[in-house]
Amino acid sequence: MNPRPIVNCDYKSRTSTSPKPATHPLIRYRWPLIATAIVTITITLSLATGDAEAMRSNSATEISQAQQPNIPLALPRNDTLQQLKPVEQTTPLATQPQPQIVRVNSGDSLSVIFSKQGISARQLQEIVALGEQSTALTRLYPGDELRLTVSDEGQLQALQYDIDDAQTLDISRLDGRFQATIIQHPLETRVRHVHGIINSSLFLSAQRAGLSDNLTMKLAGIFGWDIDFALDIRQGDHFSVIYDEIFRDGEKIRDGDIHVAEFSNRKHTYSAVRYTDASNRTDYYTPEGMSMRKAFLRTPVEFSRISSRFSLHRKHPVLNRIRAHKGVDYAAPRGTPIKATGDGKVVFRGTKGGYGKAIILQHGQRYTTLYGHMSRFAKGIRNGKRVRQGQTIGYIGSSGLATGPHLHYEFRLNGVHRNPLTVKFPEASPIDKRYRDDFLAQAKQAMARLALLQAPQQLSMNSAVR
Ligand SMILES: [Zn+2]
C-alpha cells in the first residue's frame with residue numbers, strides 16, 4: 001500500500017480549511033498523526049486479512065486423503081544450495097551474488113536472456129552441453145521464470161527453472177563446472193469442500209466462501225446449461241462443491257477438478273458428478289447419469305446482441321421487400337469468433353449466395369445449423385471435418401447480403417427451419433450403457449459424501465436462524 005496519497009490528501013485539506021496552518025494543533029502534530037493513521041490502517045488491514053483467513057478455514061472442510069503420500073522434501077532448495085556452493089570470491093568481504101528472477105518475454109531464448117544478463121556465450125555452450133537435463137531450457141515460453149545468480153564479473157553461479165509443477169531444473173557451478181539436477185517436488189492432492197450462500201453476485205459469494213474465480217467459472221460452466229447465471233440467480237441460492245487442491249512442498253499451487261457439485265437455484269437443486277470412463281472421456285452427469293450438457297448451445301456468439309429475430313414476415317434490409325427471416329442475427333464486431341452450437345460434422349463450407357461465406361453443420365440424423373456472413377473460416381474447418389460443441393468455426397463478417405458485420409444463424413430440424421431462440425433442445429447423450437453401473441456406484445458415493453459434508457453446515461445455518 002502506498003501511504004503517500006493519504007499524506008497528500010490530509011495535508012491539503014488541513015491547509016485549505018485552517019486559517020493559521022502553522023499554529024493549528026492538528027498541523028503541528030500532523031506527522032505523528034499521519035504515522036498513527038498509517039499504523040492503524042495497516043493493523044486494521046492485517047486484522048481484516050486474518051479474519052478472512054479464519055472465515056475461509058471455517059467455511060471449508062478439508063478431508064484427509066492424498067493421492068500421493070506427503071513426503072517431506074529433503075532436497076535442498078534455493079537458499080541452502082547457495083550456502084553449499086564453493087565460495088569463489090577474491091576478498092572475504094565481497095557480498096555473495098543474490099539470485100534474481102528473470103521473466104521470459106516473447107521472442108526470448110536462453111541465448112538472448114544470457115546476453116542481456118551479461119553472461120558469456122561460452123557459459124551458454126557449457127549449459128547446452130549438459131545435454132538431456134538442460135533441454136528444458138530450449139523450450140522456454142513467455143511468462144516462464146528463471147532464477148539466475150550471476151556474479152559481478154558475469155559468471156553464472158546458479159540457474160533454476162521450474163519445468164512443470166512437479167520438477168525444477170537446478171544448475172549450479174561446482175568446482176568451476178556446471179552440474180544439472182532435476183529436483184522432484186511430489187505433488188499432493190487435497191480434497192476440499194466449500195459451501196456458499198449467495199447474497200449478491202455468484203462471484204462475490206463464491207469468493208467469500210473461499211473459491212477462486214477460476215473455480216467459480218468452472219462451477220458456472222457445469223450448471224450453465226440449466227441456470228442463466230446473469231439472470232436467474234437469487235439471494236439465498238446456495239451451492240456446495242467438492243474439489244481438488246494441488247499442493248507442492250506444503251504450499252497450494254492451484255485448484256484441481258471439481259468432483260461433485262450441487263447448486264440450488266430458487267426452488268430447484270441441480271447436481272453434477274464428474275466421471276471419467278474407461279475410454280478416458282470425462283464429463284459431468286446428473287446423479288442419474290444424464291448429461292449436464294444440452295446437445296446445443298443457445299448462442300453461437302458470445303458478447304453479441306440479437307439484431308434480428310426469427311420471423312416469417314420481415315422487410316429485408318438489403319432487398320427492401322418482405323421476406324421471411326428464418327434465422328437469428330447476432331451483431332458483433334468483425335472478427336468475433338463464431339462457435340459450433342453442437343457436436344457435428346461440416347457438410348458445407350464455402351460461399352452460398354446471399355449467405356456469403358457460410359458453414360453448415362450436420363448434428364446426428366435430424367439437425368443442421370447454418371452460419372452465414374462470415375469474414376473467414378477458422379483454421380482446419382473443411383468439408384467432412386468433425387467439430388465439437390463450442391469450437392470456433394469462423395469469424396463474424398459481412399460477406400454476402402449484409403448491411404454490417406453480423407452472424408446469420410439458422411437451426412433446422414428434419415430440414416425445417418426452427419426458431420433457435422425458442423426450439424426445445426435435446427439433451428446431450430447420457431452415460432454410455434457400458435459404464436452405467438460403474439458410474440451409478442461412483443455417483444452414489446459422491447452424493448453421499450456431499451450430503452455428509454453439508455449436514456453440519458446446514459445444522460449451523462438452522463441454529464443461526466432460530
Ligand atoms: Zn439474418
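With 11 C-beta neighbours inside 10 Å, arginine 266 counts as exposed, because a residue with 12 or fewer such neighbours is placed in that class. This arginine is found in the loop between strand E9 and strand E10, the latter covering 268-276, and its phi is near 55 degrees, a positive value in a residue other than glycine. The model in which these values are computed is a predicted one, and the account below moves from this loop to another, then to the chain as a whole, and on to its sheets and helices.

A second residue with a backbone of this kind is aspartate 249, whose phi is near 50 degrees, again a positive value in a residue other than glycine. Aspartate 249 lies in the loop between strand E8 (238-248) and strand E9 (251-265). With 14 C-beta neighbours inside 10 Å, aspartate 249 counts as partly exposed, since its count falls between the limit of 12 or fewer for exposed residues and that of 20 or more for buried ones.

For the protein overall, nine helices and 23 strands are found. Of the 466 residues, 24% are buried. If one takes the contacts between residues at least 6 apart in sequence, 60% of them join residues at least 24 apart.

One sheet can be followed strand by strand. Five strands form an open sheet in the order E2-E3-E4-E5-E6, and their pairing is antiparallel. The edge strands, each of which pairs on one side only, are E2 (100-103) and E6 (177-184), and the twist from one strand to the next averages 20 degrees. In general, the strands of a sheet pair through backbone hydrogen bonds, in either a parallel or an antiparallel manner.

Within this sheet, E4 and E5 run antiparallel and are joined by six bridges; aspartate 162 stands opposite threonine 168 in E5. On the next step across the sheet, eight bridges join E5 to E6, which also run antiparallel, and here the bridge partner of aspartate 170 is threonine 181 in E6. E5 and E6 form a hairpin with two residues between them, and aspartate 175 in the turn has a positive phi of about 50 degrees.

The loop between strand E4 (156-164) and strand E5 (167-174) holds alanine 166. With 16 other C-beta atoms within 10 Å, alanine 166 is partly exposed. Once its neighbours within four places in sequence are left aside, alanine 166 is in contact with Gln184, His185 and Leu187. The separation from histidine 185 shows how the fold brings together parts of the chain: alanine 166 and histidine 185 are 19 residues apart in sequence, yet their C-alpha atoms are 4.8 Å apart in space.

Strand E7 (residues 187-197) contains valine 194. This valine is buried, with 22 other C-beta atoms within 10 Å, a count that places it in that class because the limit is 20 or more. The C-alpha atoms of valine 194 and alanine 209 are separated by 6.5 Å, although the two residues are 15 apart along the chain.

Alanine 209 leads to a pair of helices, since helix H7 is made up of residues 202-209 and packs with helix H8 (residues 213-223) at an angle of about 125 degrees, with their axes 10 Å apart. H7 and H8 are therefore oblique to each other, and their crossing is right-handed. The contact brings Leu202, Phe203 and Ala206 in H7 up to Asp213, Thr216 and Ala220 in H8. By character, the residues of this contact divide into four nonpolar, one polar and one charged.

Further along the chain, strand pairing can be traced through a single residue, alanine 331. Strand E12 (residues 305-308) and strand E15 (residues 328-331) run antiparallel and are joined by three bridges, and arginine 305 stands opposite alanine 331 in E15. E15 is also joined by four bridges to strand E22 (residues 406-413), these two strands likewise running antiparallel. In E22, the bridge partner of alanine 331 is histidine 406, so that alanine 331 has a bridge partner in E22 as well as standing opposite arginine 305.

Note on methods
Residues are numbered from 1 along each chain as its sequence is written. This is a predicted model: local features need pLDDT of at least 70, side-chain atom pairs count only at pLDDT 80 or more; totals for chains, interfaces and linings use all residues. Axes are lines fitted to C-alpha atoms, for helices over the stretch in contact, and angles run from 0 to 180 degrees between N-to-C directions. Angles under 35 degrees count as roughly parallel, over 145 as roughly antiparallel, 65 to 115 as roughly perpendicular and the rest as oblique. A crossing is left-handed if the near helix is turned anticlockwise from the far one by less than a right angle, and right-handed if clockwise. Two residues are in contact if their C-beta atoms, placed from the backbone, lie within 7 Å. Ala, Val, Leu, Ile, Met, Phe, Trp, Tyr, Cys and Pro count as nonpolar, Asp, Glu, Lys and Arg as charged, and the others, Gly among them, as polar.
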